Amino acid sequence: MRKSSLLFSLVLVVMLLLSACAGAAPAQSGVTDTGDTGATDTSAAAADAGAADAVDLSEIDTAGLNTDVSGTFSFWNGFTASDRPVMEENVAVFDELYSNVTVNMDIQPWDSLLPKLLPSLRTGSDPDVVSLDGSLIPQYVTAESLLPVGELWGSDGLNPDNFSEGVLQGMTVNGNRYGAPIIYYTTLLYMNNDLFTEAGLPAACPNTWDEWENALLTLTIDENGDGTPEQYGMSWGDHGAVSIWPSLVWSGGGDFVNEDATESRLDDPATIAAVQKWGDLIAQDNILALGLSGVEADNLFQTSKAAMTVSGPWVSTGFTDAGINFQICPMPEGPAGRYTQGAGVYFVVNKNSQAPDAVYELLKFWQSDWAQINWSSKTGFAPTRSDLANNPEIQGNPNVKAFADSLPDARTYLGGVVEYSKINDEIITPAILEVARGNMTAEESLTAAATKMNEVLAEQ
Amino acid sequence: MQSTQTSVSAQPPRSQFRFTSQARAAWLFMLPSLTILAFFIVLPIFQAAWMALHDWTLADLNPTFIGLKNFADLFKDDRFWNALQNTLVYTIGVVPGQIILALVFALILNARLKGRTVFRGIYFLPVLVSFAVEAIVWRFLLDPDIGYIGYYSSVLGLPRIEWLRSPDWAMTAVILISIWRWFGFNLVILLAGLQGISESYYEAAEVDGANEVQKFRFITLPLLRPSLLFALINAVISALQAFDQIYVLTRGGPMFSTETVVVYVYREGFINFDMGYASTAALVLFGIIFVITLGQLRILRYQESF
């Protein structure tokens, strides 16, 4: 008995240690909804020096860069998933190229980074520069924590003509630019070619809403007639994911907010019609399962339980590894056109930064051909610069190409709205889900939501 | 009378007592704990009360005094009432489930069963493992499309349940998972209490002809009261403060069906940055927990006589 107790205690200790290690590992990355590896403090000069050494610095085009600038600055970001080594490599190369600049990079999960960011920005100069989701920028601008970076986009800096309207819109508040893009992504339609073929449909991208609807209804299969499909036509996440509703509403001719973000357009007849149409397809025809997170929606597609999904570039590697025969399609065209939601993560600069010139150089370096192609080819994200879309390396990867080609269709959701989380998470999403669950008509739900939204907008 | 006066005069006067070396030593020993309590418990409570009276965004250097407006807004806020209702439903579901299950298993393990140490460890294991890991496992298990529970339910012809995806079922799932996680903790407390009850009470009861139910009712339960009281107060406070299990499993969804007050406070404070409003909701919860705990202490106060 004594021996067995001892043995059991030993097993417990081992399991405890394992669980502690596991507890530090997986969590969710706010941007890509993939895994992360916890927080560390990394000096870019020391970190990944090997990767930087492997790059021939003479091959990097430094036109427009001021490599003589000096300074030390801190850089916080949340790139903790598979994109982490590429972030470390790019920053290490920057550090190598700018011999008088030192970057103290701190990579930590978004859930840890965000709660302490505003207090840090308001009370000191740390971090000098930070990665921030575009949807959060207006909130930080209102808190008077960010530096407008107009001069970065001036004649000696970045050329706005090289970036799509969506990229620029995502970091612009009240006409001022507050950063430069790190990544900018759209969500597109992934289709399982094998399931299309099995259902007797051509394995070709549905081009219009009618074709898409037909495919969705054909591919939603309820074998035993219990009202719950064994195979869904579609999967998408209604939380922890980039919402698909903006692209549906825009393609239907509707919108969420007026241009200067002062008035709700939820009660616009076109918005109501689009939400009602897709809500009915969900509530009555069961084309998808509700209540899924982004990861769960990806899982359904990855296990061939859903024939289509809408997601970003970060899932394509996982689908390929799982052996899914898929292709990435543009979002089908609705009555008012073809739109997808574009979202970005941006460098934003602390207004108390003591080294803005050195920080600006990092922002410029990030948009250089080398940094963009390196990032894009290793992470699967399209370049932030639209003039690189025809680069042979981008064209050579069909997945990256699909996302790069979709940039002209991209629009920013709730751009300029300060209370983004409150309006999206607490008003718009619940109102649409009431329709998708069949609890309310779109007119009832969205009219009530528009009133609430206007109250919040009036306070901002 | 004389003896009474003598015994009273043997005690040092009250004012002198403070300065005895024993009292000084006691205060010194308590000083580290008192300092921690003052800085991390008492001071933040007063700070929260002060913030509740202001329009105070996160790290605001110049908050605006608004009196009781946050309280007035809170009591008109449907989301807060929904969160409060969810918190109470969660507490009512989790606390009896945990305590009753812990008591049943403690009684079983208190019998001289072979391998009870191993079982005790197994039941305690969920408390030791990181909840983030457990939540991921449970999310997979409960997934009606690709999870084991959904699969075996369909094999057995049971109706499909959407568990964490459905506003009607999510709270039930969270309650069941919380009971599974925490009953082992209460089991250890109650088992320790059971093992502290002298066998002589049961032997005397047997001599008097008491049956098993009577022994449980008149010996076990009264003598277990201190352990039960501790387990109950601890479980109630933990349930009213439920955050991590909810946040990791559902983030308060779907459709706010599992949003508890602390999840709501977190959202308002750290996502919407409205620290003044979040502090107001936290203070109201503090008041509710305070009143409930006082009530519990009063109803279940420890009495050795039975």
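A:Pro356 has its place in helix H13 (residues 356-366) of chain A, and in this predicted model it counts as partly exposed, at 27% relative accessibility. Although A:Pro356 and A:Gly71 are 285 residues apart in sequence, their C-alpha atoms are 8.8 Å apart in space.

A:Gly71 leads to strand S2 of chain A, which spans residues 71-77 and pairs with S3(A) in the parallel sense over seven bridges. Within this pairing, A:Thr72 stands opposite A:Thr102 in S3(A). Strand S3 (residues 101-107) of chain A has five of its seven residues buried, so it is largely enclosed by the rest of the structure.

Another pairing in chain A involves strand S7 (residues 180-186), which is mostly covered, with seven of its seven residues buried. S7(A) runs antiparallel to strand S12 (residues 340-349) of chain A, and six bridges join the two; the bridge partner of A:Thr186 in S12(A) is A:Gly342.

A further part of chain A is built around an open sheet of four strands, in the order S9-S10-S8-S11, in which the pairing is mixed. Strand S9 (232-235) and S11 of chain A stand at the edges, each with a single partner strand, so one side of each is left without a neighbour in the sheet. Neighbouring strands of this sheet are turned against each other by 20° on average, when direction is ignored. At one edge, S9(A) pairs with strand S10 (residues 306-311) of chain A in the parallel sense over three bridges, and A:Met234 stands opposite A:Met308 in S10(A).

Two helices can be followed from here. Helix H11 (residues 294-302) of chain A lies across S8, S9, S10 and S11 of chain A, running at about 145° to S10(A). Helix H16 (residues 398-405) of chain A also packs on the sheet, where it touches S8, S10 and S11 of chain A, and its direction makes about 20° with that of S11(A).

The edge strand S11 (residues 326-329) of chain A contains A:Ile328, a residue that is buried, because its relative accessible area of 12% falls under the 20% that marks burial. Leaving aside neighbours within four places in sequence, A:Ile328 is in contact with A:Leu188, A:Leu189, A:Tyr190, A:Cys205, A:Ser316, A:Asn399, A:Ala402 and A:Phe403. The C-alpha atoms of A:Ile328 and A:Gly312 are separated by 9.9 Å, the two residues being 16 apart along the chain.

In chain B, the view turns to helices. Helix H13 (residues 261-271) of chain B and helix H14 (residues 275-299) of chain B pack with their axes 7 Å apart, at an angle of about 160°, which means that H13(B) is roughly antiparallel to H14(B). H13(B) passes H14(B) in a left-handed crossing. On the side of H13(B), the contact is made by B:Val261, B:Val262, B:Tyr264, B:Val265, B:Glu268, B:Gly269 and B:Phe270, and on the side of H14(B) by B:Met275, B:Tyr277, B:Ala278, B:Ala281, B:Ala282 and B:Leu285. The residues of this contact divide into 11 nonpolar, one polar and one charged.

Elsewhere in chain B, B:Ser227 lies in helix H11 (residues 212-240). B:Ser227 is buried, with a relative accessible area of 16%, and, apart from its neighbours within four places in sequence, it is in contact with B:Ile189, B:Leu190 and B:Gly193.

Terms used. Residues numbered from 1 in each chain as written. Chains lettered and ligands numbered in written order. Predicted model: local features only at pLDDT ≥ 70, side-chain atom pairs only at ≥ 80, totals over all residues. Heavy atoms only, no water. Axes fitted to C-alpha atoms, helices over the stretch in contact; angles between N-to-C directions. Parallel < 35°, antiparallel > 145°, perpendicular 65-115°, else oblique. Left-handed = near helix turned anticlockwise from the far one by under 90°. Contact = heavy atoms within 4.5 Å. Nonpolar A, V, L, I, M, F, W, Y, C, P; charged D, E, K, R; others polar. Buried < 20%, exposed > 50% of the residue type's maximum accessible area, 1.4 Å probe, protein only. Pairing = 2+ DSSP bridges.
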